[in-house]
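Colleague: I am new to this structure and would like a close look at a single part of it. Could you take me through the place where two neighbouring parts of the chain meet, step by step?

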Amino acid sequence: MTKHSYIPRTTNYTLNPGDELNDLRMSDQVRPLYDHVRKFIRDTVEPMSIEFAKAGEGKHDRWSFTPKQLEVLEVAKNKAKKEGLWNFFLPDDETGQGLKNLDYAYIASELGKSPLASETMNCSAPDTGNMEVLERVGTKEQKEKWLKPLMNGEIRSAYVMTEPNVASSDAKNISTTAKLVGDEWVINGEKYYISGVGDPRCKILIVMVKTNPDAAPSKQQSQILVPRDTPGVEVLGPMYVFGQDHAPRGHMHMRFNNVRVPKENILLGEGRGFEISQLRLGPGRIHHCMRTIGKAEKALDLMVQRGLTREAFGKKIAHLGGNMQIIAQARCEIEAMRLMVLKAAKAMDVLGNKEARVWVSMVKAMVPERACKIIDQSIQMHGATGISHWTPLAEMYQDVRHLRFADGPDEVHWMVVGRHELSMA
């Protein structure tokens, strides 16, 4: 063998026109639903969002919604429910729309273009992941008490995992404990960046805890249902993201002080926390990525609009410097991201969540990073206005930048992809 000889590897990524993984078309039966969603966002959600924002002006308690805000939102939710635009994410025909991950990915991209679209159609994180967990592994009693009101859009929920004192990107480090004392789990520990707990409608928490420190590393953790109003559940305050507290939902710093819940509140069984996480995070990461692509689309639309309506130095801004190329590259990046996420969604449909993990990690690492760049470029095209409250861009940037930590930091996902690539050698 010469110094520069190369032996090609056989990988799972070989392009084969007949491969089911490469058929990324939306199914014919879902196309009318997709069109309906787009129309509903344009005709109902967007006008409602303006009314919702106005209804919240001047409120005294930042950690609340005004009665008028809730009224406006409920009217839109009831309209969505009546029109069949409800619970898209659940794959079960009886409880959701029965959509494949691929089909839902197309819809999630549209939901990401409007901040209130997901909630209006009961497809908001973290409720989507929590509902999927309850639907898949919850007992009859757990479903009746918590899944039913969540699916009806009557309450909100939170997923409680990340901790300030350990590297939570490695879930084996989770140190919050749950000990079985008689017929109750007693929970102690500290958590932070727990999204949605500030929302007064949040009624149930799914808490990742360590139940058996002597078991194998992947069998030490469990997930337990904890009602928000349980004694000992203490909210210490909001975590600020780029200086914003994101009230009234927030990302909370919490402490569990001898919190007691019935032993029946455990999900699936002791030591099965990792198993539940994989069930929950695969679809959730796809949803995040497609909603993020929707935000990137919105940023590009704003970039083009600004570039064609403002002039400087005798030219439209779009024609100054390298702005034309920036716009063109943003379009290319969006289409590349879209195809990658659609393929990851299709991999989940064809291979299952576990086997599709490498595809999910690819898009989870790639999409927020590239979408951040597009939003940043749109901000730059807007000048100082881009970082103000006059456009949604600053808030969009904060949201997408934080996704590079949420559901696992970039580095963890690149590690998964790299490790898989090396295993193919």
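Modeller: What follows is a description of one interface between domains. Please keep in mind that this is a predicted model. The chain is divided into domain 1, covering 23-124, domain 2, covering 156-267, and domain 3, covering 274-424, and the interface I will describe is that of domain 2 with domain 3. Taken over C-alpha atoms, the centres of domain 2 and domain 3 are separated by 29 Å, and the contact involves 14 residues from domain 2 together with 9 residues from domain 3.

The size of an interface is often expressed as the accessible area that is lost when the parts come together. Here, the area buried between domain 2 and domain 3 is about 1100 Å², and carbon and sulfur atoms give 68% of that area. On the side of domain 2, the residues that lose the most area to domain 3 are Y159, S169 and F242, which together account for 40% of what that side buries.

As for the chemical character of this side, the residues of domain 2 that touch domain 3 comprise 7 nonpolar, 6 polar and 1 charged by class. Across the interface of domain 2 and domain 3, the rule finds 0 salt bridges, while the count of residue pairs in polar contact between domain 2 and domain 3, both at pLDDT 80 or more, is 3.

Definitions and conventions
Residues numbered from 1 in each chain as written. Predicted model: local features only at pLDDT ≥ 70, side-chain atom pairs only at ≥ 80, totals over all residues. Heavy atoms only, no water. Domains from an automatic or database assignment. Contact = heavy atoms within 4.5 Å. Buried area = accessible area lost by both parts, 1.4 Å probe. Salt bridge = Lys/Arg side-chain N within 4 Å of Asp/Glu carboxyl O. Polar contact = N/O pair within 3.5 Å; in protein donor to acceptor, adjacent residues only side chain to side chain. Nonpolar A, V, L, I, M, F, W, Y, C, P; charged D, E, K, R; others polar.
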